[in-house]
Amino acid sequence: MQDHAFPTYFLSHGGGPWPFMKDQFGGRYDVLEASLKDIPRQVGARPKAVLVVTAHWEGPQFLVSASARPGMIYDYSGFPPHTYQIQYPAPGAPELAAQVQSLLAAAGHPARLDHERGFDHGTFSALAPIYPQADMPLVQLSLKHGYDPLTHVEVGRALAVLRSQGVLILGSGLSYHNLRQFGPAGAAASQQFDAWLRHAMALPPAERLEQLLHWDRAPGARQAHPQEDHLLPLMVALGAAEQEAAQVVYHEDDFFGALAVSSFRFG
């Protein structure tokens, strides 16, 4: 056990394999990249492993990646050829995967170990700036079909114990995720929803939870998230640090020229 619990994070992970496309994107991702690179400083002690709740994986039950040497999943299309050759050779952590499965089962959320699952871009694009050496053991946790917010908060609660055992919990999603309106057409909704989200995060814990459980009532909510897969990793990060204050660790009002996006740290 360590003498303090690590914070948890909800990260807006950006689009596709952006850390590997600096030439194509220019400075578009500089603010996000700087926020991710600062996480090791914020965390302080080096984690023994990272648990990534990824928006890019879901199942009828929760799934946990359990390979010792995960491969790569290029879950995007229309990008340059070199982005389908990217390697992020971080090791897996099978023992942590088994512990996650056990903790979830004990909390009434049976989970299945997946020994084949590789790293999707929600994981490797977020982690590459944080741990560029790709030497941090990683385990991925999926979302569950149905997208019930409380279920994902409960999973975070079940995993909270890991924070004092040297595990850094990262929810990887995007605070605005409407690919049909990814630009000026989504500006108004993204600004409305992001303003609501940042306000909700600053509320006392019980009020914050109540707001998040009914996120779809927020201004611009369903335009910002026609499908809430990229918001639900936030629920897990929140549940794992439920009584702790949230801080905005990344915010832009002109992401892709028009969109408001944010990332948060709990604790």
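In the predicted model, helix α4 comprises 13 residues, 94–106. From the first C-alpha to the last, α4 reaches 18 Å, which is close to the 18 Å expected at 1.5 Å a residue. Four residues of α4 are buried, namely Leu96, Ala97, Val100 and Leu104. Viewed down the helix axis, these buried residues fall within an arc of 105°, and they therefore line one face of α4. Such an arrangement may be read against the geometry of helices in general. An α-helix has 3.6 residues a turn, so residues three or four places apart point the same way. On the other side of α4, Glu95 and Ala106 are exposed.

The buried residues of α4 pack against several elements: the strands β2 (49–59), β3 (62–65), β4 (111–114), β5 (138–144) and β6 (167–173), together with helix α6 (149–159). After α4 comes Gly108, which has a positive phi, near 85°.

Two of the strands that pack against α4, β3 and β4, contain polar residues that merit separate description. Ser65 belongs to β3. Its relative accessibility is 3%, and Ser65 therefore counts as buried, the cut-off being under 20%. The side chain of Ser65 reaches the backbone nitrogen of Gln140 at 2.7 Å. Apart from neighbours within four places in sequence, Ser65 is in contact with Trp57, Ala97, Asp114, Arg117, Val139 and Gln140. Among these partners, Ala97 is one of the buried residues of α4, whereas Asp114 lies in strand β4.

Asp114 is likewise buried, but no salt bridge is formed by this residue. The nearest side chain of opposite charge is that of Arg112, 4.6 Å away, whereas a salt bridge requires the charged atoms to lie within 4 Å. The side chain of Asp114 does, however, reach the backbone nitrogen of Arg117 at 3.0 Å. When residues up to four places away in sequence are not counted, Asp114 touches Trp57, Val64, Ser65, Ala66 and Ser67. Trp57 thus appears among the contacts of Asp114 and also among those of Ser65.

Helix α5 spans residues 121–130. In α5, 10 of the 10 residues are buried, so the helix is largely enclosed by the rest of the structure. The buried residues include His121, Thr123 and Ser125 as well as Phe124, Leu127 and Ile130. The covering of α5 includes the strands β1 (8–12), β2, β5 and β6 and the helices α2 (30–37) and α3 (39–43). At the N-terminal end, α5 is capped by Asp120, a side-chain oxygen of which lies 2.9 Å from the backbone nitrogen of Gly122.

Notes. Residues numbered from 1 in each chain as written. Predicted model: local features only at pLDDT ≥ 70, side-chain atom pairs only at ≥ 80, totals over all residues. Heavy atoms only, no water. Expected span 1.5 Å × (residues − 1). Buried < 20%, exposed > 50% of the residue type's maximum accessible area, 1.4 Å probe, protein only. Arc of directions from axis to C-beta. Contact = heavy atoms within 4.5 Å. Lys, Arg positive; Asp, Glu negative; His and termini not counted. Polar contact = N/O pair within 3.5 Å; in protein donor to acceptor, adjacent residues only side chain to side chain.
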